[in-house]
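Please examine the sequence and the three-dimensional structure shown below. The paragraphs that follow lead through the model one topic at a time.

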Amino acid sequence: GKDKELIRGSWESLGKNKVPHGVVMFSRLFELDPTLLSLFQYSTNCGSTQDCLSSPEFMEHVTKVMLVIDAAVSHLDDLHSLEDFLLNLGRKHQAVGVNTQSFAVVGEALLYMLQCSLGQAYTAPLRQAWLNMYSIVVAAMSRGWTK
Ligand code: HEM
């Protein structure tokens with residue numbers, strides 16, 4: 001329906017290389033919650049957003065995140081087919097110390113990036129369409145958390 005068209009069209013309009021958009025998203029994420037920086041413990045530690053952005057492993061993570069969003073956009077008609085993958089992905093994030101509550105902040109950072117990139121094309125229905133998809137992805141990942 002309309003939601004899917006809005007999501008597909010806007011995602012495509014960001015261009016083929018999604019990494020720069022991921023950089024905007026993660027820079028915003030660290031602005032909103034700087035404590036998340038400490039969860040990225042690579043060879044070069046992420047003490048600041050700048051440290052992170054100059055770490056190849058961190059940039060790979062940005063690429064991975066964009067690929068997961070890309071997979072969700074490509075599977076809008078059968079998001080449930082990603083459920084096992086997303087549950088496992090959630091499990092990995094629990095293991096590295098992510099809190100499910102942080103996904104709300106990640107969602108805000110995602111919307112911020114879309115707003116920056118889309119300008120006038122960022123409308124209330126578009127925002128809602130993305131929130132709907134994002135909440136399905138987060139719900140599936142959150143099922144990977146065990147007490
Ligand atoms: C792996 C942190 C959000 C996708 C990882 C790793 C860390 C991490 C430390 C392991 C090292 C690495 O592979 O780079 C975080 C933090 C997040 C976050 C702190 C936000 C609070 C996300 C989101 C997605 C995602 C929203 C996608 C929707 C991935 C993928 C991997 C990964 C695909 C690789 C998993 C594997 O090795 O199989 N994340 N992440 N991450 N993350 Fe995240």
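Which residues coordinate the iron atom of the ligand? In this predicted model, the coordinating atoms are NE2 of H61 and NE2 of H93, at 1.9 to 2.0 Å. Around the iron atom of the ligand there are 6 donor atoms, and because the angles they subtend run from 85 to 179 degrees, the arrangement is octahedral. H61 belongs to helix α4 (residues 56-74) and H93 to helix α5 (residues 83-95), so the two histidines tie together parts that lie 32 residues apart in sequence. Both H61 and H93 are buried.

The cysteines come next. The structure holds 1 disulfide, which joins C46 to C52 with an S to S distance of 2.4 Å. The link of C46 and C52 is right-handed, with 130 degrees about the S-S bond, and both of these cysteines are buried. Why does C116 not form a bond with C52? The closest cysteine sulfur to that of C116 is in C52, and a bond is ruled out because the two sulfurs are 19 Å apart, whereas a disulfide requires them to be within 2.5 Å. C116 counts as partly exposed, because its relative accessibility is 45%.

Attention now turns to the interior. In soluble globular proteins, nonpolar side chains tend to be buried together. In this model the largest nonpolar core has 45 residues, and I69, L114, W130 and M133 are those with the most contacts inside it. Helices α1 (2-13), α2 (19-32), α4, α5, α6 (102-118) and α7 (124-142) each supply at least two residues of this core. When residues up to four places away in sequence are not counted, W130 touches I7, S10, W11, I69, V73, L110, L111 and L114.

Aromatic rings form a further set of contacts, with a count of 9 aromatic pairs. One of these pairs is F26 with F40, an edge-to-face arrangement with 6.2 Å centre to centre and 80 degrees between the planes. F26 lies in helix α2 and F40 in the loop between α2 and α3 (49-53), so this pair ties together parts 14 residues apart in sequence. Both F26 and F40 are buried. F26 also pairs with F58: their ring centres are 5.6 Å apart and their planes stand at 90 degrees, so this pair is edge-to-face. The pair of F26 in helix α2 and F58 in helix α4 links distant parts of the chain, 32 residues apart. F58, like F26, is buried. Ring pairs link F26, F30, F40, Y42 and F58 into a cluster.

Key:
Residues numbered from 1 in each chain as written. Predicted model: local features only at pLDDT ≥ 70, side-chain atom pairs only at ≥ 80, totals over all residues. Heavy atoms only, no water. Donors = N, O, S within 2.8 Å, 3.2 Å for Na, K, Ca; no water. Tetrahedral: all angles 85-135°; square planar, octahedral: opposite > 155°, others 65-115°. Helix = DSSP H or I, 4+ residues; strand = E, 2+ residues; numbered from the N terminus. Buried < 20%, exposed > 50% of the residue type's maximum accessible area, 1.4 Å probe, protein only. Core = buried A, V, L, I, M, F, W, Y, C linked by side-chain atoms within 4.5 Å. Contact = heavy atoms within 4.5 Å. Phe/Tyr/Trp six-rings, centres within 6.5 Å; stacked < 30°, edge-to-face > 60°.
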